[in-house]
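Subject: Structure handover

Hello,

Here is the structure you were expecting. My notes on what turned up in it follow below.

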Amino acid sequence: MDYTLETSQQKEKLLKAIYTLQLKSIATFQTASPLLSSQQGMGMVTHHHVHQLADKTKSLCRDLDNIKNLLHYCQDDLVRQIPNPTGSRYGGVSGIHCSLEGSIYMTAEAAPWVHVLSSTGKTLQSLPCRQTGMESGTFLPEDVTVTRTGMVAVADMINGAVWVFNPHTSPSKGEWIKIRKVGSPRGIGVDSTGKILVADYAQGQVHSFALDRAFKTSNVRSVPNLQGPRYISPAPNGGFVISEECGDVKVFTSSHQLVCSLGSKYGHQFGNPAGVCVDVEGSIVVADEQRRTVHLFPESGAPVCLVSTGLRRPAGVACSSFGHLFVADTGENCVKVFKYHVRPRQPLGTL
């Protein structure tokens with residue numbers, strides 16, 4: 001059978017099945033609602049019938065969510081590769097952040113730089129990680145984020161510090177300011193309220209704190225009892241998502257209460273979860289360093305594998321508002337850009 005014809009038949013069959021469910025559910029509701037309202041009991045319907053239908057409905061809704069997600073997302077659609085501007089002299093790309101405007105902020109293992117790139121990979125700015133007057137000269141950023149005021153912030157695991165780049169100071173190129181000492185900061189992010197989030201790897205904690213215009217920290221809070229926290233990302237509700245080395249990925253509320261672990265909620269087995277991020281639709285994206293994959297965990301439905309092949313050692317991940325997924329592949333020392341959203345085509349003649 002011709003592939004195009006077979007695909008067309010499958011599309012028609014799927015749409016017909018969904019439409020049939022819609023018609024049947026509407027017709028049954030229109031019949032059942034007035035009958036249930038007009039009588040004291042439930043006719044010949046028993047509790048068993050109700051529970052059976054409720055269970056089947058849950059299962060069917062899950063199936064429909066899965067179909068919707070599998071249509072909405074795509075797999076292994078590599079758009080481009082962005083090489084590490086630092087080259088191969090240092091370690092591979094590890095930390096990555098994507099701004100709302102689409103700029104990419106990148107760090108690499110053992111490289112005293114933060115590179116700012118366009119979404120196509122053009123270098124816009126390179127910030128040398130050197131503090132004015134510092135004897136040893138440079139420091140090595142582990143991960144990178146951007147504050148609500150547009151300043152670059154990094155985690156420096158070797159020196160146990162969090163740095164923020166102030167572009168407004170003298171000399172004209174700006175300078176790095178050490179804003180806080182942390183045991184072993186590995187991942188860094190900024191939550192929806194503007195607080196800085198830091199994953200403290202050795203201490204097994206996540207710290208959050210506010211930063212004022214004078215670069216003073218306040219409202220310091222910590223979440224303990226984590227197992228090797230690595231990468232961190234803000235969640236839409238003001239909370240955060242944190243990956244644990246060789247463990248799970250956990251979701252917390254804005255009040256630092258545990259919501260769930262993705263492994264338990266979705267029945268998913270991680271190898272070694274690394275980079276995490278949350279896209280504009282609220283879905284959580286996780287890179288698995290051991291399994292060399294990237295999965296998306298939607299609010300409804302089963303996990304979707306966005307990248308199943310072509311990664312050597314995935315680390316940080318970031319999503320743009322334009323439907324692109326950025327994966328820092330430390331093993332190949334580059335950022336791989338994937339299209340992961342399927343957008344419906346606009347009919348001809350529409351705006």
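T147 sits in the loop between strand 6 and strand 7 (152-156). The model is a predicted one. T147 has a relative accessible area of 12%, and since buried means under 20%, it counts as buried. Leaving aside residues up to four places away in sequence, T147 touches A153, V190 and I196.

V190 also comes up in the pockets. The largest pocket has 37 residues in its lining, and V190 is among those nearest its centre, together with H97, C98, L100 and P234. Six elements are listed as giving two or more residues to this lining: strand 2 (93-98), strand 6 (143-146), strand 10 (185-190), strand 14 (229-234), strand 18 (273-278) and strand 22 (314-319). The volume of the largest pocket is about 910 Å³. By residue class, its lining splits into 20 nonpolar, twelve polar and five charged.

The second largest pocket has a volume of about 330 Å³. Two elements give two or more residues to its lining, namely helix 1 (3-38) and helix 2 (47-72). Helix 1 contributes the most, with five residues. The lining residues include T28, T31, A32, L35 and L36, and further along the chain Q39, M42, G43, V45, H49, V50 and L53. There is no charged residue in this lining; seven are nonpolar and five polar.

Next, the aromatic side chains. The structure contains seven aromatic pairs. One of them joins F139 and W176 in an edge-to-face arrangement, with 5.5 Å from centre to centre and 90 degrees between the planes. F139 belongs to the loop between strand 5 (123-128) and strand 6, while W176 belongs to strand 9 (residues 175-181), so this pair ties together parts that lie 37 residues apart in sequence. F139 is buried, at a relative accessible area of 1%. W176 is buried as well, with a relative accessible area of 1%. Ring pairs also bring in W163 and F165, giving a cluster of F139, W163, F165 and W176.

Two arginines are placed over aromatic rings. R180 lies over the face of F209, 5.7 Å from the ring centre. R186 lies over the face of Y201, and here the distance to the ring centre is 4.8 Å.

Which residues other than glycine have a positive phi? N225 is one of them, with phi near 65 degrees. N225 is in the loop between strand 13 (217-223) and strand 14, and its relative accessible area of 65% makes it exposed. D76 is another: its phi is positive, about 55 degrees, although it is not a glycine. D76 is in the loop between helix 2 and strand 1 (78-83). Its relative accessibility is 28%, so D76 counts as partly exposed.

To recap the pockets for your set-up: the largest is about 910 Å³ and the second largest about 330 Å³.

Regards

Methods:
Residues numbered from 1 in each chain as written. Predicted model: local features only at pLDDT ≥ 70, side-chain atom pairs only at ≥ 80, totals over all residues. Heavy atoms only, no water. 1 Å grid on protein atoms, 1.4 Å probe; cavity = no way out; pocket = protein on both sides within 12 Å on 5 of 7 lines; lining within 4 Å. Points joined across faces, edges and corners; volume = space filled by probe spheres on them. Helix = DSSP H or I, 4+ residues; strand = E, 2+ residues; numbered from the N terminus. Nonpolar A, V, L, I, M, F, W, Y, C, P; charged D, E, K, R; others polar. Phe/Tyr/Trp six-rings, centres within 6.5 Å; stacked < 30°, edge-to-face > 60°. Buried < 20%, exposed > 50% of the residue type's maximum accessible area, 1.4 Å probe, protein only. Lys NZ or Arg CZ within 6 Å of the ring centre and 35° of its normal. Contact = heavy atoms within 4.5 Å.
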